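Work through the following exercises with the structure open beside you. Each one sets a task and then gives a solution that goes step by step.

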Amino acid sequence: MTTTQTSVVQDLGTLAHRLSHPAGARCVCEPPQVLADRPDGTVVRSGAIVAKAHAADTDHEALAARIALAAAPQLTGILLPPLSAPGQSLTAPDPSGGPLHPEPSEPPAPTSRPVTLWPLGAPVDPTDPEAAPWAEAAVLLARLHRTEPPFRLPAMRGPAKAARAVARMRAALPGDPAALPVLAGWRALPAWARGEVPAPSRRAGFLCHGDLHLGQLVRHPAPDGPWLLIDVDDAGTGDPAWDLGRPAAWYASGLLAPEDWFAFLDAYRSAGGPAVPADVDPWPELDVPARALTVQTAALALAKCAVEQRHPDEHEQLMIESCARIATLPPELAADHAS
């Protein structure tokens, strides 16, 4: 961890502790806990408060809209609401060493990282796969997709995130033949799924999460409250099938058990989710998002392997091999997804 990263983590911990700990009370708190520390987000918890420093290149206006979305009454019971009010700007320290501080009216410096504050929730238990809340996740998605956007929002960032993953792989493995199957799968996608053009208009106006996986669910209040979706960094309007794409990709590659996939799909349909038809083959709608998320997962896996100087593990290799297979298929199954 660099000096700057250490400073960000420390300041996030200080902020979360200050907000969770009553002023003047004798401190018996445990040290702040780092929940994640990646270039796209550093997350630190103290007590019942979670502080997140977003990516340095975050679009501040788009993030403000997404945080306002999580706080909107229409999303109550679907998205975890923030503690920081919409429009509030907190900035983490930049490399020059400035302190973490609230700036309610001044825009953050170009090198700063915006910070948001959240209540602590209880995440999915990774050691108990049989209890994974696939059906609950599907119902939340269906409710999200059925909700009319309460105000103007940026586009859902799913395709852009896939493109960023491929760019990261290319940078980590320039000219390496190991990347060829993934690049072939990427080139076989229609342009809208690569983030090069907007999604087809009929599919572009739905409220979407943009990065759905089980790590994006928590129980709140912890530990036994209802499940809620978290992490709105990629939320916006777009094709709701994208939010089903990752579990569809895992099912297609053999990583997700059929019973879990059908529990997820059946719950989504039963809750009136608009991403797939209620009673016919869902794959014409799911095909392109599933392929794109297969490529994204494989690209990130190869980039991570390059940094860690190791070979792909069994699950990573399955996704890479899936890219080679999807590169041989027609570009898309549904005419509505023509680019």
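## Exercise 1: Helix H3 and its neighbours

In this predicted model, Trp134, Ala135, Ala137, Ala138, Val139, Leu141, Ala142 and His145 of helix H3 are in contact with Asp260, Ala263, Phe264, Ala267 and Tyr268 of helix H7.

**Task.** Describe how H3 packs against H7, and then how H3 packs against H6.

**Solution.**

Step 1. Begin with the general idea that two packed helices are described by the angle between their axes and the distance between the axes.

Step 2. Sort the residues of the first contact by class, which gives 11 nonpolar, 1 polar and 1 charged residues for H3 with H7.

Step 3. Find the geometry of this pair: the axes of H3 (residues 134-146) and H7 (residues 258-270) come within 8 Å and cross at roughly 30 degrees. Because angles under 35 degrees count as roughly parallel, H3 is roughly parallel to H7. The crossing of these two helices is right-handed.

Step 4. Turn to helix H6 (residues 241-253), which packs with H3 at an angle of about 150 degrees, the axes being 10 Å apart. Since an angle over 145 degrees counts as roughly antiparallel, H3 is roughly antiparallel to H6. Here the crossing is left-handed.

Step 5. List the residues of this second contact: H3 contributes Trp134, Leu141, Leu144 and His145, while H6 contributes Asp243, Leu244, Pro247 and Trp250. By class, the contact of H3 with H6 holds 6 nonpolar, 1 polar and 1 charged residues.

## Exercise 2: Helix H6 and helix H8

**Task.** Work out how H6 and H8 are oriented relative to each other, starting from the angle at which their axes cross.

**Solution.**

Step 1. Take the axes of H6 and H8 (residues 283-308), which come within 7 Å and cross at roughly 75 degrees.

Step 2. Place this angle in the range of 65 to 115 degrees, which counts as roughly perpendicular; H6 is therefore roughly perpendicular to H8.

Step 3. Look at the residues that meet, among them Ala241, Trp242, Leu244 and Gly245 in H6, and Trp283, Glu285, Leu286 and Pro289 in H8. Sorted by class, the contact of H6 with H8 has 13 nonpolar, 3 polar and 2 charged residues.

## Exercise 3: The sheet beside H3

**Task.** Which strands are the edge strands of the open sheet with the order S7-S9-S10?

**Solution.**

Step 1. Recall that strands of a sheet pair through backbone hydrogen bonds, either parallel or antiparallel.

Step 2. Read the order of this open sheet of 3 strands, S7-S9-S10, in which the pairing is antiparallel. The edge strands are S7 (122-123) and S10 (227-229), each of which pairs on one side only.

Step 3. Follow the pairing of S9 (residues 217-219) with S10, where 3 bridges join the antiparallel strands, and where valine 218 stands opposite leucine 228.

Step 4. Add the helix from the first exercise: H3 lies across S9 and S10, and runs at about 50 degrees to S10.

## Exercise 4: Strand S3

**Task.** Is strand S3 buried or exposed, and which strands pair with S3?

**Solution.**

Step 1. Count the buried residues, for which the relative accessible area must be under 20%: 6 of the 6 residues of S3 (residues 49-54) are buried, so this strand is largely enclosed by the rest of the structure.

Step 2. Check the two faces separately, and you find that both are covered, with Ile49, Ala51 and Ala53 buried on one side and Val50, Lys52 and His54 buried on the other.

Step 3. Identify one partner, S2 (residues 41-46), which runs antiparallel to S3 and is joined to it by 6 bridges. Within this pairing, glycine 41 has histidine 54 as its bridge partner. The two strands form a hairpin with 2 residues between them, and glycine 47 in the turn has a positive phi of about 60 degrees.

Step 4. Identify another partner, S6 (residues 113-119), which pairs with S3 in the antiparallel sense over 5 bridges. In this pairing, valine 50 stands opposite tryptophan 118.

## Exercise 5: A loop residue

**Task.** Where is alanine 72 found, and is alanine 72 buried or exposed?

**Solution.**

Step 1. Locate alanine 72 in the loop between helix H2 (60-71) and strand S4 (90-92).

Step 2. Compare its relative accessible area of 7% with the cut-off of under 20%; alanine 72 is therefore buried.

Step 3. Note that the C-alpha atoms of alanine 72 and proline 150, which are 78 residues apart along the chain, are separated by 7.6 Å.

Key: Residues numbered from 1 in each chain as written. Predicted model: local features only at pLDDT ≥ 70, side-chain atom pairs only at ≥ 80, totals over all residues. Heavy atoms only, no water. Buried < 20%, exposed > 50% of the residue type's maximum accessible area, 1.4 Å probe, protein only. Helix = DSSP H or I, 4+ residues; strand = E, 2+ residues; numbered from the N terminus. Pairing = 2+ DSSP bridges. Contact = heavy atoms within 4.5 Å. Axes fitted to C-alpha atoms, helices over the stretch in contact; angles between N-to-C directions. Left-handed = near helix turned anticlockwise from the far one by under 90°. Nonpolar A, V, L, I, M, F, W, Y, C, P; charged D, E, K, R; others polar.
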